[in-house]
Amino acid sequence: MTSMETQRFNFKAETKQLLDILIHSLYKDREVFLRELLSNASDALNRLRFEMATNRNVLDPGVELKIHIAADKNSRTLTIQDTGIGMTRDEIIENLGVIAQSGARKFLEAAKDKKADFTQVIGRFGVGFYSVFMVAESVRVTSRSFLPQAEAVSWFASGDDSYEISAAEMSERGTRIEIKLKEDAAEFAEEYRIKNVIHKHSDYIGFPIYVGESKEAVNKQTSLWRTPKQEVAEEQYKEFYRQTTLDFEEPLLHIHMSADAPVQFYALLFIPSKAERSIFSLRKDDGLKLYSRNILIDEYNKDLLPEYLRFVQGVADSEDLPLNVSRETVQSSGLMPKLKKALTGQVIRELENLAKNDAEKYGKFWKEFGVYLKQGVATAPADADNIHPLLRFKTNLHPETWSSLEEYVSRMKEGQKEIFYIVGEDPKSALRSPHLDYFHAQGAEVLLLTDPLDSFMLMGLRKYKDFELKNVAQAEVNLSEKQKREAEAEKIPAADFDRLAEQFKKVLGERVTDVRASNRLSQSVARLADADNTTNPELQRVYKFLGKEYEIPKKILELNPSHNILKNLLKLETGSELQTIIIEQIYDSALLVEGLHPDPSSIAPRVQQIIEAALTKRSE
Ligand code: ADP
Ligand code: MG
C-alpha cells in the first residue's frame with residue numbers, strides 16, 4: 001500500500017445535509033447512537049465469525065469475539081472497540097464516507113415528517129453510524145481488517161464538510177471508535193448511563209459487551225423473543241416492533257410464545273393497528289422473519305402463517321431447523337407445516353381472547369382486518385370452523401354494532417332453524433330490500449352482508465353450529481292463516497293481475513325469465529327472485545365485483561298483488577308511455593336494491609319523466 005500521509009476527502013451532498021440535521025437538532029432520543037454503534041460492532045463480529053467458519057486465514061484467530069466500552073468523564077470521551085471484521089483503507093472510505101447516499105436521501109425525506117422521530121430508527125436507513133454526530137464533537141474510527149496483511153487505518157471527522165484518512169497503529173484486529181462528546185452529551189461518559197442504554201436497546205446483542213474494567217458482560221445476549229415473557233417490559237415490545245416494522249403506531253396486539261413439542265420454537269408476533277403499511281415502512285413485503293437459533297435465515301417467510309394472516313408481523317425462531325440452511329431445505333424439512341399449525345392456532349386463540357376480553361379493541365381489529373378473516377373462511381377450509389367465532393356482522397335489528405354468530409344464535413326466535421342473511425350493496429340499501437319484507441314483519445334477525453368479500457366468505461360459511469345459513473331471497477316463508485286471509489282481501493283480482501303481468505313481460509322482454517305474484521311482499525311492490533337453476537346470487541355479486549364480463553342475470557320478477565302501485569298501474573291505459581316507463585322503473589329499482597344495477601345513473605332521466613307525469617296529473 002502507498003505511504004499514508006493524512007488525506008482529506010469531502011462528504012457527498014446528502015451526507016453533509018444528514019450530518020447537519022443530526023448535529024444541530026436536539027433529539028430527546030440521542031442515546032440511540034450507542035445502539036447504532038453497538039449494532040455495527042455486532043454486525044462486524046458476526047461477519048468475522050462467518051469468515052472464521054469459511055476461511056482459516058484470519059488475523060488474531062484466538063481473540064475473543066467481544067465489544068469493549070471505555071469512558072472517561074474528565075476528558076469527555078467514549079471509546080467503543082470490537083474484535084470484529086475490521087476495515088481496510090478502501091473499505092473505511094467506502095463505508096463511512098461514500099455510500100449510503102440513497103439511505104441518507106430516504107432518511108432526509110422521512111425526517112421531514114414531524115409526526116415521528118425518525119432518529120429512533122435511523123439504523124434502518126443504512127446510515128446508523130452518522131447518528132454518533134448527535135452527541136460527538138469529533139469522531140475517530142481506527143480499524144484493522146481481519147486480512148492478515150492489512151494495516152491499521154484511521155478515519156477522522158469533526159462534523160464539517162470533510163473527513164481525514166491517515167495511517168494508524170493498532171495491535172489487534174477490529175474497530176475502535178473514539179468519540180469526543182459534546183458538552184451537553186457528557187452523560188454518555190458515565191458508566192451507569194451507558195449500561196442503562198445497553199439494557200434498554202442492546203441487551204440482545206449476541207456478543208459480550210464489557211464496560212470499563214469489569215470482566216462481566218453487561219448485556220443479556222439473548223434475543224427478545226427468547227427472553228421469558230415475564231422479564232419483558234411492555235415498552236420493550238413496542239420498541240422492538242418499531243425497529244422491525246418502522247411503524248410508529250403502537251401494535252394492536254403482541255403474541256409472545258414458545259413451545260417444545262411437537263416442534264421447538266419461539267415466536268414474537270404483532271398485529272399492527274392499521275392494515276395499511278406506513279409509506280416509510282421499509283418492510284415492503286409480508287412474511288415473518290425466520291431465525292434458526294438466533295440467526296436470520298429468511299427475512300420474509302410466507303410459509304409460517306396462512307395467507308389470510310399475512311398482516312401479522314414478527315419473528316419465529318426454531319432450534320429444530322438445521323443451521324445455515326437454504327430456503328429449499330427449510331421447505332423440505334417437514335418442520336414448516338408443524339410450525340405453521342402451531343402459530344396459526346395461537347394467533348386465532350389470541351384473537352378469540354381479545355374478542356372476549358376487550359370488545360372495543362376487537363372492534364378496531366375487525367374494522368382493519370376483518371376482510372382477511374373473511375378471506376380465510378373462503379380459502380382455508382381447515383381453519384374455517386375456528387375463524388367462524390371471530391366473524392362480526394351488522395344485522396337488520398342491530399345495524400350499528402357488531403354481532404358475532406354466537407350472539408345472533410342466542411337471539412334467535414323460538415323454532416328458528418336457520419341463520420338468515422341478505423346480500424346487498426351497502427347496509428342502507430340492504431335494509432330497504434323487498435326480500436326483508438317478510439322478515440321485518442316477523443321480527444326476525446337477518447345478517448347484512450354488504451362487503452364484496454362477504455360473497456366469497458359464504459363459500460366457507462354454510463353452517464354455524466347446527467344452523468345453516470340461508471339467503472332471505474331464497475328462504476321459505478311461512479305465513480299464518482290470518483296473514484294469508486289479510487293478504488287475500490287486499491289482492492287485485494286474478495284476471496286483472498294476469499293482464500298486468502303480461503304487460504310487464506311485454507315491456508321487459510328478455511330481461512326477465514318470468515313475472516309472477518308473490519305472497520311474501522308487504523311494503524315493496526316487487527322483488528327479483530332467482531330461477532332455481534341459476535348461478536347463486538353470491539357468485540353473481542362476486543363476478544360483478546371482479547369486473548368479469550358482467551351481464552345482469554336473468555331473474556324472475558315477483559310482484560306484490562296487494563300493492564297500490566299495481567292497482568294504480570291497472571288504471572292507466574294499457575301500453576301507454578307512462579305505464580311503460582313505470583314498469584321499467586319498477587324493474588330497475590328492484591335491480592338497484594339488489595346491488596345488481598350495472599348503470600344506476602341511467603335511471604335519472606326516467607325518474608324525471610315520472611315526476612313530470614305526476615306533477616301534470618296534480619295540476620289537471
Ligand atoms: P449499516 O450498518 O446499515 O450498513 P451504518 O451507517 O451503521 O450502516 O454503517 C455503515 C457501514 O460502515 C457498515 O455497513 C459497515 O460496513 C461499516 N462499519 C461501521 N461500523 C463498523 C465496525 N464496527 N466494524 C466494521 N465495519 C463497520
Ligand atoms: Mg449500522
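A salt bridge here is a side-chain nitrogen of Lys or Arg within 4 Å of a carboxyl oxygen of Asp or Glu. By that rule, this predicted model holds 34 salt bridges. The legends below visit a few of them, along with the sheets and the ligand.

**Figure 1. A close look at the surroundings of ligand 1.** Welcome to the ligand, which has 14 residues around it; those that come nearest are Asn40, Asp82, Asn95, Gly128 and Phe129. Look for Asp82, where a polar side-chain atom lies 2.9 Å from a nitrogen atom of ligand 1. Thr175 also offers a polar side-chain atom, 3.2 Å from a nitrogen atom of the ligand. With Gly128 the backbone takes part: one of its N or O atoms lies 3.2 Å from an oxygen atom of ligand 1.

**Figure 2. Eight strands side by side in an open sheet.** Follow the strands across in the order E1-E6-E5-E4-E7-E3-E2-E8, and you will meet mixed pairing along the way. At the edges are strand E1 (7–10) and strand E8 (209–211), each pairing on one side only. From one strand to the next, the twist averages 15°. Within this sheet, strand E2 (residues 67–72) and strand E3 (residues 77–82) are antiparallel and share six bridges. A handy pair to find is Asp72 with its bridge partner in E3, Thr77.

**Figure 3. Two helices lying across strands of the eight-stranded sheet.** Helix H2 (residues 32–54) lies across E2, E3, strand E7 (174–181) and E8. Its direction makes an angle of about 20° with that of E3. Helix H3 (residues 89–98) lies across another set of strands: E1, strand E4 (136–144), strand E5 (153–157) and strand E6 (162–167). Here the angle to E6 is about 165°.

**Figure 4. Five strands in a second open sheet.** The order to trace in this view is E9-E10-E13-E11-E12, again with mixed pairing. Strand E9 (253–259) and strand E12 (295–301) stand at the edges with a single partner strand each, so one side of each has no neighbour in the sheet. Neighbouring strands are turned by 15° against each other on average, direction ignored. Strand E11 (residues 288–292) and strand E13 (residues 313–317) make a parallel pair with three bridges. To find this pairing, start at Lys289, whose bridge partner in E13 is Val315. Helix H8 (residues 335–357) lies across E9, strand E10 (265–271), E11, E12 and E13, and runs at about 135° to E9.

**Figure 5. Strand E21 and its two pairings.** How many of the residues of strand E21 (residues 555–559) are buried? Five of the five are, so the strand is largely enclosed by the rest of the structure. Strand E19 (residues 512–517) runs parallel to E21 and is joined to it by five bridges. Asp514 marks this pairing, with Ile556 as its bridge partner in E21. Strand E20 (residues 526–529) pairs with E21 in the antiparallel sense over four bridges. Here you can look for Arg527, which stands opposite Glu558 in E21.

**Figure 6. A salt bridge between distant parts of the chain.** Side chains of opposite charge can pair when their charged atoms come close. In this view, Arg511 and Glu584 meet in a salt bridge, with 2.9 Å from N to O. The pair links distant parts of the chain, 73 residues apart: Arg511 sits in the loop between helix H16 (494–508) and E19, and Glu584 belongs to helix H19 (residues 577–593). Which of these residues is buried, and which is partly exposed? Arg511 counts as partly exposed because its relative accessibility is 31%, while Glu584 is buried, with a relative accessible area of 16%.

**Figure 7. More salt bridges to explore.** Glu36 forms a salt bridge with Arg35, the closest N and O atoms being 3.1 Å apart. Both Glu36 and Arg35 are buried. Another salt bridge joins Glu307 to Arg310, with 3.8 Å between the closest N and O atoms. Glu307 counts as exposed at 54% relative accessibility, whereas Arg310, at 27%, counts as partly exposed. Finally, look for a network of salt bridges that links Arg30, Glu31, Asp184, Glu187, Arg193 and Lys200.

Notes: Residues are numbered from 1 along each chain as its sequence is written. Chains are lettered from A and ligands numbered from 1 in the order in which they are written. This is a predicted model: local features need pLDDT of at least 70, side-chain atom pairs count only at pLDDT 80 or more; totals for chains, interfaces and linings use all residues. Side-chain values use heavy atoms; hydrogens and water are left out. Buried means under 20% relative accessible area, exposed over 50%, partly exposed in between (1.4 Å probe, protein chains only). Two strands pair if DSSP finds at least two bridges between them. Axes are lines fitted to C-alpha atoms, for helices over the stretch in contact, and angles run from 0 to 180 degrees between N-to-C directions. Contact means heavy atoms within 4.5 Å. A residue is near a molecule or strand if one of its heavy atoms lies within 4 Å of it. A polar contact is a pair of N or O atoms within 3.5 Å; within protein, one must be able to donate a hydrogen and the other to accept it, and residues adjacent in sequence count only if both atoms are side-chain atoms.
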